[in-house]
Amino acid sequence: MSTMAFLKRSPWILHYDASSCNGCDIEVLACLTPLYDVERFGIINTGNPKHADILMITGGINELNRAVVRNLYEQMPEPKVVVAIGICAATGGIFRECYNIAGGVDKVIPVDVYVPGCAARPEMIIDGVVAALSILEEKRAKMTGAAQIKDDARHAAGEST
Amino acid sequence: MPERIVVPFGPQHPVLPEPIHLDLVLEDETVVEAIPSIGYIHRGLERLIEKREFTEYVYVAERICGICSFMHALCYSQGIEEIMKIEVPDRARYLRTIWSECSRLHSHLLWLGLFADGMGFENLFMRSWQLRESVLDVLEDTTGGRVIQGTCKIGGVRRDIGAEKLAEMHRALDPFEEQCRNLGDVFLNDETVKYRLQDLGVISKDEAYALGAAGPTARGSGVAIDHRETGYAAYGDLGFKPVVETAGDCYARCAVRVKEVYASIDLIRRAISEMPEGPLDVKVKGAPDGEYFSRVEQPRGEVVHYLRGNGTKHLARARIRTSTLANIPPLVKMLPGAQLADVPVVVLSIDPCISCTER
C-alpha cells in the first residue's frame, strides 16, 4: 500500500455534461489548461468510466440522459465519488421550471460534493475536487477495513477447523 | 462488398465534452452513413418564456449556451428592442460590440484548442487555452463573469468600461495579436496539421448553401454570409467584410476561424478608438406587442430568435434556431467517405455546440 500512497492525491476524473449550458463544462476544461493546470498533480481527465475515481457532472437530469448518467456511474469501479458542478447539477438551477428537467443529479445517483456557482468558477471546481479526495479516502478506508474484517474472519474460521 | 457494421459515437465520448449521439455505419474503416440523434440536453427553454417576464428572460437567453452567452442575450434584447421601438444609446451599441467580439475570441480560441486536441496535438490545445485565459481576464474585469456575463439588458447595457480600462485593453491588443498570429501560424502552416486536415470532410459551395450551413461552416465552403454585415450593434459604423475560404474541407473551416480571430481583434481595436460618450441605457416602459425575427452572427454562425409579444409582460412565443442545428445536415453530408479515426476531427470542424442546438 505504501508504494501507492503517492497516488492518493491524483484521482482520475470522468466529466459528463448532463444538461448544462456549457458554462460549467468549459470551466471544468479550463481547470486542466495552463492557468489552473491540475494535471501537474496527476489529476487527469479520462474519457473512460472504468478508469475514473471521480465523476464530475454538470447540468440537471432530463428524461433522455437519466439512463446515461446511471450507466456511467455504475461502470465506475468502487470507491467512487460524485461531484455535482454548478447550480443546475444541484437543483436544476435556472432551468428547474423547464418541462424537461427533473431536477438535480441527486435524483438519479448519490452526490457527495456540490460545487456552487453559475457558472462555477475553476477555483471552486478545484476546491470541490479537493473535498472529494478526502471522501474518496474515507470510502477506500471503509472498503479496505471491510475486506480486512472479512479476511480476519476467514483466518479465524480456518484456524478453528 | 465488405460487411457493414454500426459503431455508436457518444453521447459520452472522450473527444467531445458535450453529448451528441451518432450512429456511424462503416464498411471496413470507412464511414458510409452517419445518423445523428439529439435530445440529451433538451431542457425546454422556449416554453420557459411563459413563466418568465420578458425582462427576466435575458438571463435565460444567456444560459442557452455558456460559450456564446453574451450573443444570445444580445440577440434576444435586440428583438425586444425592435418590437418596442427602443433606440439603444451609441455607447451601449459599441460596448455590446466589444463584448460580442471578446466572446467570439474566447469561443474561437476554445474551439482551436479542442480541435487541436481532436487531432491529437496536445501542446497546441494547451497553447490555445492559455491565450484564451487572457480574453477571459478582460471579460471578468469588465463584466464580473468569466463565461456568463450578464451585462446585456433590454434598452442597453448594465455596465460601463472606464476610459482607463479601455486604454489598457487597447495597449494589450498588440501583444495579444502577435501571440494569436504565432498560434495561427501553426494551424495554417504546420505540415502535420495540413496533412491531417486538407481534403477531409469536404462540402461544396452548392451543397453547403442548399443544406443551410451557417457561419464558418458555410464560409469555409465559399458562401459569403455573415450577419455582422447587416450592421447590428456597432458593426454598421465600423464596417466589416466576411472571411471566406473556398476549399470546403476541415482545413478551410479552421482557416476561417483563425482569420476571424484576427478580424475580431481589429474590430475591438477600432471600436475602442471610436467609442462615443453618452448614456448606457434607456428606460423600458410597457410591454412588447408585435413580432420580430432577430438575427445575430455568433461564433458558430447565425442565430435566430423569433419573438412574439401580445402586450403583456409574458411573451406569447419564442423560437430559437441556433447555428449548430443548421450545421448538422452539412455534417451528415461530410462524414461519408471519412475514416473512422478522422470522425472526431470532422465532427469538431463544424464547432458543435449541443447546448445551443437542443435548447
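In chain B, F293(B) stands opposite Y306(B), a residue of β7(B). That is a good way into this predicted model, so to speak, through its paired strands.

**The β6–β7–β8 stretch of chain B**

Strand β6 covers residues 289–298 of chain B and strand β7 covers residues 301–310, and the two run antiparallel, joined by ten bridges. Between β6(B) and β7(B) sit two residues, making the pair a hairpin. Carry on along the chain and β7(B) pairs again, this time with strand β8 (residues 317–321) of chain B, in the antiparallel sense and over five bridges. Here R308(B) has R317(B), in β8(B), as its bridge partner. The β7(B)–β8(B) pair is a hairpin too, with six residues between the strands. In that turn, G311(B) takes a positive phi of about 85°.

**The β1–β2–β3 stretch of chain B**

Back at lower residue numbers, strand β1 (residues 4–9) and strand β2 (residues 21–27) of chain B run antiparallel, with six bridges joining them. One spot to look at is V6(B), which stands opposite V25(B) in β2(B). On to the next pairing: β2(B) meets strand β3 (residues 30–37) of chain B over seven bridges, in the antiparallel sense. D23(B) has I35(B), in β3(B), as its bridge partner. These two strands form a hairpin with two residues between them, and D28(B) in the turn has a positive phi of about 55°.

Here are the pairings side by side:

| Strand pair | Sense | Bridges |
|---|---|---|
| β6(B) and β7(B) | antiparallel | ten bridges |
| β7(B) and β8(B) | antiparallel | five bridges |
| β1(B) and β2(B) | antiparallel | six bridges |
| β2(B) and β3(B) | antiparallel | seven bridges |

**Where the chains meet**

The contact draws 35 residues from chain B and 33 residues from chain A. On the chain B side, α1 (57–62) and α4 (122–143) each bring at least two residues to the surface that touches chain A. Of these, α4(B) gives the most, with four residues. Sorted by class, the chain B side of the contact holds 19 nonpolar, nine polar and seven charged residues.

**A stop in chain A**

Over in chain A, E74(A) belongs to helix α2 (residues 65–75). Is E74(A) buried or exposed? E74(A) counts as exposed because 10 other C-beta atoms lie within 10 Å, and the cut-off for exposed is 12 or fewer. K50(A) is 24 residues from E74(A) in sequence, while their C-alpha atoms are 9.4 Å apart in space.

Notes. Residues numbered from 1 in each chain as written. Chains lettered and ligands numbered in written order. Predicted model: local features only at pLDDT ≥ 70, side-chain atom pairs only at ≥ 80, totals over all residues. Contact = placed C-beta atoms within 7 Å. Nonpolar A, V, L, I, M, F, W, Y, C, P; charged D, E, K, R; others polar. Buried ≥ 20, exposed ≤ 12 C-beta atoms within 10 Å, placed from the backbone. Pairing = 2+ DSSP bridges.
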